[in-house]
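Biologist: Please show me the sequence and the structure, and then let us work through them together by question and answer.

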Amino acid sequence: MNVWDTAGQEKYQTINKNLYLGARGAMICFDLTAKLEKDELEFWRRKVAEYAGSKCRIMLIGTKSDSEVLPETRESLEKYAKSVDVPYFETSAKTGINVEEAFKTMADEIITKDAEDKRLKEAAMTEAEREEERKRIAEERREFYDISLPKNDKVKNEKCV
Amino acid sequence: MEEDTPTIKLKITVVGGPGVGKSCLVGAYSALRTDRTKSFDQISKETQSTIGKFL
């Protein structure tokens with residue numbers, strides 16, 4: 001597992017773009033002791049989708065959980081994670097709480113969701129193959145009836161006479 | 001005969017605004033995996049303003 005730590009400051013965002021490239025997972029961190037900016041959650045989610053692609057799995061992290069947590073920040077993070085169906089962890093680098101668990105869950109999430117995508121793709125391919133088979137059978141039947149029916153009007157006319 | 005264990009390479013990026021504790025989180029994870037004796041103060045000292053770091 002390769003973990004890339006990015007700069008938070010806006011002036012380094014050009015460098016950061018490259019750090020998102022090819023990322024299979026993004027852990028979006030928020031300080032649990034600070035108030036969230038308006039639309040901050042959506043801002044980061046969109047940024048990850050734009051730079052890393054829509055297939056990049058997302059996880060929300062509330063940091064500094066050992067300190068005095070702002071209940072509204074916690075609530076917003078929990079609500080948002082639920083609404084966009086992504087895992088949410090509250091961690092503390094100081095005490096080590098949930099740190100390993102968060103990274104492990106991120107890796108598991110990527111592997112599980114990738115396997116699920118693969119399964120769905122295969123199911124879709126099977127359906128396409130079924131459609132192909134239906135077309136092939138229809139074509140065979142058409143050929144059979146073509147043989148059974150008189151080939152041209154001339155023959156038909158001759159018989160009539 | 002031993003079979004090769006399949007491995008998957010995963011790139012995970014840690015993002016967020018300045019001062020939220022991204023580097024400390026990565027530092028703590030690194031310490032938990034490699035050097036459990038490392039204190040938080042040490043991690044905190046090592047993690048200055050980040051431009052972009054690879055673990």
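**Burial, elements, contact and confidence**

Biologist: What percentage of the 161 residues of chain A count as buried?

Modeller: This is a predicted model, in which local features need pLDDT of at least 70 and side-chain atom pairs count only at pLDDT 80 or more, while totals for chains, interfaces and linings use all residues. Residues are numbered from 1 along each chain as its sequence is written, and chains are lettered from A and ligands numbered from 1 in the order in which they are written. A residue is buried if 20 or more other C-beta atoms, placed from the backbone, lie within 10 Å of its own, exposed if 12 or fewer do, and partly exposed in between. Of the 161 residues of chain A, the share that counts as buried is 26%.

Biologist: In what order do the elements of chain A run from the N terminus on?

Modeller: Helices (H or I, at least four residues) and strands (E, at least two) are DSSP runs, numbered from the N terminus. Chain A has five helices and four strands. From the N terminus on, its order is β-α-β-α-β-α-β-α-α.

Biologist: And in what order do the elements of chain B run from the N terminus on?

Modeller: Chain B contains two helices and two strands. Read from the N terminus, they run β-α-α-β.

Biologist: How many residues does the contact take from chain B?

Modeller: Two residues are in contact if their C-beta atoms, placed from the backbone, lie within 7 Å. Chain A gives 41 residues to the contact, and the number from chain B is 30.

Biologist: Which residue stands opposite Trp4(A) in strand 1 of chain B?

Modeller: Two strands pair if DSSP finds at least two bridges between them. Strand 1 of chain A and strand 1 (residues 11-16) of chain B pair in the parallel sense, over four bridges. Opposite Trp4(A) stands Thr13(B).

Biologist: Which element supplies the largest share of the largest nonpolar core?

Modeller: A nonpolar core is a set of buried Ala, Val, Leu, Ile, Met, Phe, Trp, Tyr and Cys residues joined through C-beta atoms within 7 Å. The largest has 36 residues, of which Met27(A), Ile28(A), Cys29(A), Ile61(A) and Leu25(B) touch the most other members. Among the elements that each supply at least two residues of this core are strand 2 of chain A and strand 1 of chain B. The largest share, six residues, comes from helix 1 of chain B.

Biologist: Which residue of chain B does Ile61(A) touch?

Modeller: Residues up to four places away in sequence are not counted here. From chain A, Ile61(A) touches partners including Phe30(A), Phe89(A), Thr91(A) and Ala102(A). From chain B, it touches Leu25(B).

Biologist: Is Glu132(A) buried or exposed?

Modeller: Glu132(A) belongs to helix 4 of chain A, and its C-alpha atom is separated by 50 Å from that of Gly62(A), 70 residues away along the chain. Because Glu132(A) has 10 other C-beta atoms within 10 Å, it is exposed.

Biologist: In which element of chain B is confidence lowest?

Modeller: pLDDT is the predictor's confidence in each residue, from 0 to 100. Its mean for chain B is 77, and 71% of the residues of chain B reach 70 or more. Where pLDDT is low, the predicted coordinates should not be read in detail. Confidence in chain B is highest in strand 1 of chain B, at a mean of 92, and lowest, at 57, in strand 2 (residues 52-54) of chain B.
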